[in-house]
Amino acid sequence: MKLGRNDACWCGSGRKYKSCHMFFDDKIEQIVNRNKQIVAPPRDIIKTPEQIAGMRKAGEINTMVLDTVEQHVKEGVTTEELNRIVEERTKELGGVCACLGYEGYPKSVCISINEVVCHGIPSEKRHLQNGDIVNIDCTTIVDGYYGDASRMYMIGEVSEAKKKLVQVTKECLDEAVSIAQPWTTLGDFGYAINKRATENGYSVVREIGGHGVGLDFHEDPWVPHIGQPNSGMLIVPGMTFTIEPMINMGKPDVFCDAEDGWTIYTDDNQPSAQWEYTLLITEKGNEILSR
Ligand code: MF3
Ligand code: CO
Ligand code: CO
C-alpha cells in the first residue's frame with residue numbers, strides 16, 4: 001500500500017512520509033523500473049538510527065576482541081587457546097560470542113587454517129605451525145546487536161604463493177568496500193571481487209557468501225562474491241551487511257566435513273583465504289562497523 005505524503009513514515013521516525021522516506025522510496029522505484037536486473041531492498045532490512053548506534057557499539061567491541069586475540073596468534077599456540085581468549089575478552093567487554101551454540105556450533109570463534117575455507121572448529125590438538133595461513137572469524141552480540149569480522153594471519157615463514165593469496169583476498173575486500181556505495185548494486189562489487197580473484201589465477205567460493213547482519217547473525221540479503229554489474233539487490237543507506245570473500249588458490253569447489261558437520265575444505269586441498277568486514281551504507285558512502 002502506498003503511503004500518503006502526510007502519513008507517518010514507515011521507518012518509525014514519527015516524521016511525515018514526505019519529509020522522511022518518500023524521495024528514497026521513489027528513487028528505488030525509478031531504478032528498479034528502469035532496470036529489471038535490479039532488485040529493491042525490503043524495507044525491514046533498513047536500520048533505524050537507534051539500531052545503527054547499537055550496531056556501531058557491537059562492531060567496535062567485536063573489533064576489540066579481534067585486536068586482543070591477534071596478540072596471541074603465534075607459532076605453537078593451539079586454536080583452543082585462541083578460542084578461550086576470544087571468550088574471556090568478549091565477556092570482559094560485556095558481549096556474548098554469537099558463534100557458541102549457533103545452530104549447534106560448539107565453539108566461540110571460527111579458526112580456519114590453510115585448506116580450511118571457513119567454519120574451522122578450535123581444537124587443543126591443533127597448534128599453529130610455521131607456514132600456516134590462518135583466518136580468525138569473530139562475531140559478537142552486544143545488547144542484542146551483532147558485529148562480524150575476520151582477519152588473516154601468517155605464521156612464521158609463509159610461502160610467497162600463500163602470501164600473495166592472503167594479500168589479493170584483502171584487496172578483493174577493500175575494492176568491494178570502495179564500490180559498496182548507496183545506489184550501486186550487490187552485483188557491482190561481486191563482479192569486482194571475482195574479476196580481481198580470477199585475474200590472479202584464483203577462484204571465488206560460491207556456496208557461501210556475506211549476509212545482512214545487525215539484529216540477527218544472518219539476515220537478508222545474501223551477499224554473493226561473484227556477480228554482474230548493475231544487477232542484484234540495490235544498495236541503499238541504512239543497509240548493514242558483511243562482505244567476506246573466500247578466495248581459493250585452486251578450484252572454487254568446497255565440501256563440508258561429514259563428521260563435524262561444520263568445517264568447510266577446498267576440494268583440491270589447496271589453500272583458501274578470507275577477510276570480512278561488517279559494513280553500514282550511509283548517505284555518502286559507507287562506514288566499516290567491524291573490521
Ligand atoms: N562468522 C561466520 C560468518 O561470517 C559465521 C560462523 S557461524 C558458526 O558468517 F556457527 F560457524 F560460528
Ligand atoms: Co564472520
Ligand atoms: Co559473516
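Q: Donors are N, O and S atoms within 2.8 Å of the metal (3.2 Å for Na, K and Ca), and water is not among the atoms, so sites may look incomplete. Which are the protein donors of the cobalt ion (ligand 2)?
A: This is a predicted model, in which local features need pLDDT of at least 70 and side-chain atom pairs 80 or more, while totals for chains, interfaces and linings use all residues. Side-chain values use heavy atoms without hydrogens or water, residues are numbered from 1 along each chain as its sequence is written, and chains are lettered from A and ligands numbered from 1 in the order in which they are written. The cobalt ion (ligand 2) has Asp137 (OD), listed twice, Asp148 (OD) and Glu276 (OE) as protein donors, at 2.0 to 2.4 Å.

Q: And what spacing do they follow along the chain?
A: The donors follow D-x10-D-x127-E.

Q: Which residue bridges the cobalt ion (ligand 2) and the cobalt ion (ligand 3)?
A: Aspartate 148 is the bridge, and the two ions lie 3.3 Å apart. Aspartate 148 sits in strand 6 (residues 145–154), whereas glutamate 276 lies in the loop between strand 15 (272–274) and strand 16. The pair links distant parts of the chain, with these positions 128 residues apart. Strands (E, at least two residues) and helices (H or I, at least four) are DSSP runs, numbered from the N terminus.

Q: Is aspartate 148 buried or exposed?
A: Aspartate 148 is buried, at 2% relative accessibility. Buried means under 20% relative accessible area (1.4 Å probe, protein chains only).

Q: What about glutamate 276, buried or exposed?
A: Glutamate 276 is buried too, with a relative accessible area of 0%.

Q: Changing topic: how many residues line the largest pocket, and which lie nearest its centre?
A: The lining has 23 residues, and those nearest the centre are His21, Ile46, Lys47, Pro237 and Glu283. Helix 1 (22–34), helix 2 (49–70) and strand 16 (277–281) each give two or more residues to this lining. A pocket is an open set of points on a 1 Å grid where a 1.4 Å probe fits, with protein on both sides within 12 Å along at least five of seven lines; lining residues have an atom within 4 Å of a point.

Q: Where does the largest share of that lining come from?
A: Helix 2 provides the largest share, 3 residues.

Q: Which residues lie nearest the centre of the second largest pocket?
A: They are Tyr102, His119, His211, Phe217 and His218, in a lining of 22 residues.

Q: Which strands supply at least two residues of that lining?
A: Strand 5 (133–142) and strand 8 (210–212) each do. Asp137, a donor to the cobalt ion (ligand 2), falls within the range of strand 5.

How values were computed. Buried < 20%, exposed > 50% of the residue type's maximum accessible area, 1.4 Å probe, protein only.
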